[in-house]
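Hello,

Here is the structure I promised to pass on to you. Have a look at it first, and then read on for what turned up in it.

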Amino acid sequence: MHVVNSRYSFDECEGRLREAVKSAGMTMFAEVDHGKNAAQVGLQLCRAKVFIFGNPRAGGLLMQEKIDISYDLPLRVAIWESGDGTRVAFRTPGEIAAEHGVTHSVVAKMDENFNRVLNEIT
């Protein structure tokens, strides 16, 4: 997993992520708001969210090759506030595919689109 700084505030990073996913032709499937969930059980946590997104066709092609990759798909990006700004955590599609021994040619295009998203939020 990679963890990098974003040059944007949490809110701006989140908005840019949503727009970049859409612009890259991917679907935002879900969002997990860890800060909100922690608050609901009386715990204090920084603002932290995980965004789950991808392209069903691309992911489906990888799953046809090796279904166990479904455990790590769709793709995820975590963002959170830290004392020194907004942080971003991720694993690239290529890294995920390599871990599962998947070699489909669509992985290169997935990496390209994913990097486009990352460039918009870091």
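Strands β3 and β4 run antiparallel and are joined by six bridges. Along this pairing, K49 stands opposite I79 in β4. Please keep in mind throughout that this is a predicted model.

On to the next pair, β4 and β5. These strands also run antiparallel, with six bridges joining them. They form a hairpin, and two residues lie between the strands. If you would like to trace the pairing yourself, look for S82, which stands opposite G85 in β5, and for E81, which stands opposite T86 in β5.

Now for the sheet as a whole. Five strands make up an open sheet with antiparallel pairing, and their order is β1-β5-β4-β3-β2. Its edge strands are β1 (residues 2-6) and β2 (residues 27-33), each of which pairs on one side only. On average, neighbouring strands of the sheet are turned by 25° against each other, with direction ignored.

What lies across these strands? Helix α1, residues 10-23, lies across β1, β2, β3, β4 and β5. Its direction is at about 5° to that of β3, which covers residues 48-54.

There is a helix pair to look at too. Two packed helices are described by the angle between their axes and the distance between the axes. For α4 (residues 93-100) and α5, the axes come within 8 Å and cross at roughly 145°. On the α4 side the contact is made by P93, G94 and A97, and on the α5 side by V107, M110, D111 and F114. Sorted by class, five residues of this contact are nonpolar, one is polar and one is charged.

Each of these two helices holds a residue that I would like to point out.

In α4 it is H100. Is H100 buried or exposed? H100 has a relative accessible area of 9%, and the limit for buried is under 20%, so H100 counts as buried. Not counting residues up to four places away in sequence, H100 touches K66, D68, I69 and D72.

In α5, which spans residues 106-121, it is N113. The relative accessible area of N113 is 13%, so this residue is buried as well, by the same under 20% limit. Leaving aside neighbours within four places in sequence, N113 is in contact with A24 and M26. G25 is 88 residues away from N113 along the chain, yet the C-alpha atoms of N113 and G25 are separated by 8.6 Å.

Last, the largest pocket, which holds about 170 Å³ of space. Which residues line it? They are M1, V50, D72, P74, L75, R76, V77, A78, A89, F90, R91 and I96. You have met D72 already, as one of the residues that H100 touches.

Two strands, β4 (residues 75-82) and β5 (residues 85-90), each supply at least two residues of this lining. The largest share comes from β4, with four residues. By class, the lining has nine nonpolar residues, no polar ones and three charged ones.

If you want a place to start, try the hairpin of β4 and β5, and then go on to the largest pocket, whose lining takes its largest share from β4.

Enjoy exploring, and write back with any questions.

Best wishes

Methods: Residues are numbered from 1 along each chain as its sequence is written. This is a predicted model: local features need pLDDT of at least 70, side-chain atom pairs count only at pLDDT 80 or more; totals for chains, interfaces and linings use all residues. Side-chain values use heavy atoms; hydrogens and water are left out. Buried means under 20% relative accessible area, exposed over 50%, partly exposed in between (1.4 Å probe, protein chains only). Contact means heavy atoms within 4.5 Å. On a 1 Å grid over the protein atoms alone, a cavity is a set of points where a 1.4 Å probe fits but cannot get out, and a pocket is an open set with protein on both sides within 12 Å along at least five of seven lines; lining residues have an atom within 4 Å of a point. Grid points are joined across faces, edges and corners, and a volume is the space filled by probe spheres set on the points. Ala, Val, Leu, Ile, Met, Phe, Trp, Tyr, Cys and Pro count as nonpolar, Asp, Glu, Lys and Arg as charged, and the others, Gly among them, as polar. Two strands pair if DSSP finds at least two bridges between them. Axes are lines fitted to C-alpha atoms, for helices over the stretch in contact, and angles run from 0 to 180 degrees between N-to-C directions.
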